[in-house]
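User: I've just opened this one and would like to go through it with you. Could you start with a single residue and work outwards from there?

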Amino acid sequence: MIDLEQYLPILLFLGVALAISCIFVFLPMGVSRLTGTHNPTAEKVSEYECGFPAFEEPRSQFDVRFYLVAISFIIFDLEAAFLFPWAVSLDHTGWIGWGAMMTFLAILAIGLTYEWKKGALEWE
C-alpha cells in the first residue's frame with residue numbers, strides 16, 4: 001500500500017506556488033480596473049512589435065533589407081558580447097587569444113564591407 005502522506009508537502013508546495021502565481025497575475029489586473037487606469041484605446045491595442053501595422057494578407061511580401069539589418073544587428077551585438085569576456089581574459093589567453101579575436105573581427109569586417117558594397121544597408 002502506498003503512503004500518500006509523503007506527497008502532502010509536494011501538494012502544499014504546488015498549492016502555494018499556484019496561489020502566489022495567481023496573485024501576481026490577477027491582482028495587478030484587478031487593481032488597474034479598480035483604479036481606473038484600464039483605458040484601452042485603438043492606439044493602445046494596435047500592433048507595434050515590428051514598427052508598422054500588420055498586413056491585410058499574412059503572405060504578402062516586404063523588403064528583404066529589413067531582415068538584413070536585423071541579422072547585422074544581431075551579429076554585431078554578439079560581437080560586442082564576445083569582446084568583453086575576451087578583453088577580461090586576454091592576460092590568460094595571450095597572443096593566441098589575441099590572434100583568434102583579430103581573425104574573428106576581420107571576418108566580421110569583411111562581411112560588413114560586403115554588405116555595404118552590395119547596398120544592403122541603404123534604405124530608401
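Analyst: This is a predicted model, and a convenient place to begin is Leu121, which has a relative accessible area of 38% and is therefore partly exposed, since that class lies between the 20% limit for buried and the 50% limit for exposed. Leu121 sits in the segment that follows α3, the helix covering residues 90–118.

User: What surface patch is Leu121 part of?

Analyst: Leu121 belongs to a nonpolar patch on the surface, together with Val64, Phe66, Tyr67, Leu68, Val69, Ile71, Ile75, Trp116 and Trp123, and the accessible area of these residues together is about 970 Å².

User: And which helix gives the most to that patch?

Analyst: That is helix α2, residues 65–88, which gives six residues to the nonpolar patch.

User: Is α2 straight or bent, as far as its end-to-end span can tell? What span would you expect, and what do you get?

Analyst: I can speak to the span alone: with 24 residues at 1.5 Å a residue, α2 should span 34 Å, and its end C-alpha atoms are 35 Å apart, which agrees with the expected value.

User: Which residues of α2 are buried, and what covers them?

Analyst: The buried residues in α2 are Arg65, Ser72, Glu79 and Trp86, and the cover over the buried residues of α2 includes α3.

User: Glu79 catches my eye. Where is the nearest side chain of opposite charge?

Analyst: For Glu79, which is buried yet has no salt bridge, the nearest side chain of opposite charge is that of Lys117, 19 Å away. Setting aside residues up to four places away in sequence, Glu79 touches Phe104, Leu105 and Leu108.

User: What about Glu115, buried or exposed?

Analyst: Glu115, which is found in helix α3, counts as buried because its relative accessibility is 15%, under the 20% limit. Leaving out neighbours within four places in sequence, the contacts of Glu115 are Leu68, Ser72, Ala120 and Leu121, so this brings us back to the residue we began with, Leu121, whose relative accessible area is 38%.

User: Switching to the whole chain, how many helices and strands are there?

Analyst: The protein chain has three helices and zero strands, and from the N terminus on its elements run α-α-α.

User: How much of it is buried, and what does the surface come to?

Analyst: Of the 124 residues in the protein chain, 8% are buried, while the accessible surface comes to about 11,300 Å², with 71% of that belonging to carbon and sulfur atoms.

User: And the contacts along the sequence?

Analyst: Among contacts between residues at least 6 apart in sequence, 52% join residues at least 24 apart.

Methods: Residues numbered from 1 in each chain as written. Predicted model: local features only at pLDDT ≥ 70, side-chain atom pairs only at ≥ 80, totals over all residues. Heavy atoms only, no water. Patch = residues over 30% accessible without salt bridge, like charges linked within 9 Å, V, L, I, M, F, W, Y side chains within 5 Å. Areas by Shrake-Rupley, 256 points an atom, 1.4 Å probe, with all protein chains shown as cover. Salt bridge = Lys/Arg side-chain N within 4 Å of Asp/Glu carboxyl O. Helix = DSSP H or I, 4+ residues; strand = E, 2+ residues; numbered from the N terminus. Buried < 20%, exposed > 50% of the residue type's maximum accessible area, 1.4 Å probe, protein only. Expected span 1.5 Å × (residues − 1). Contact = heavy atoms within 4.5 Å. Lys, Arg positive; Asp, Glu negative; His and termini not counted.
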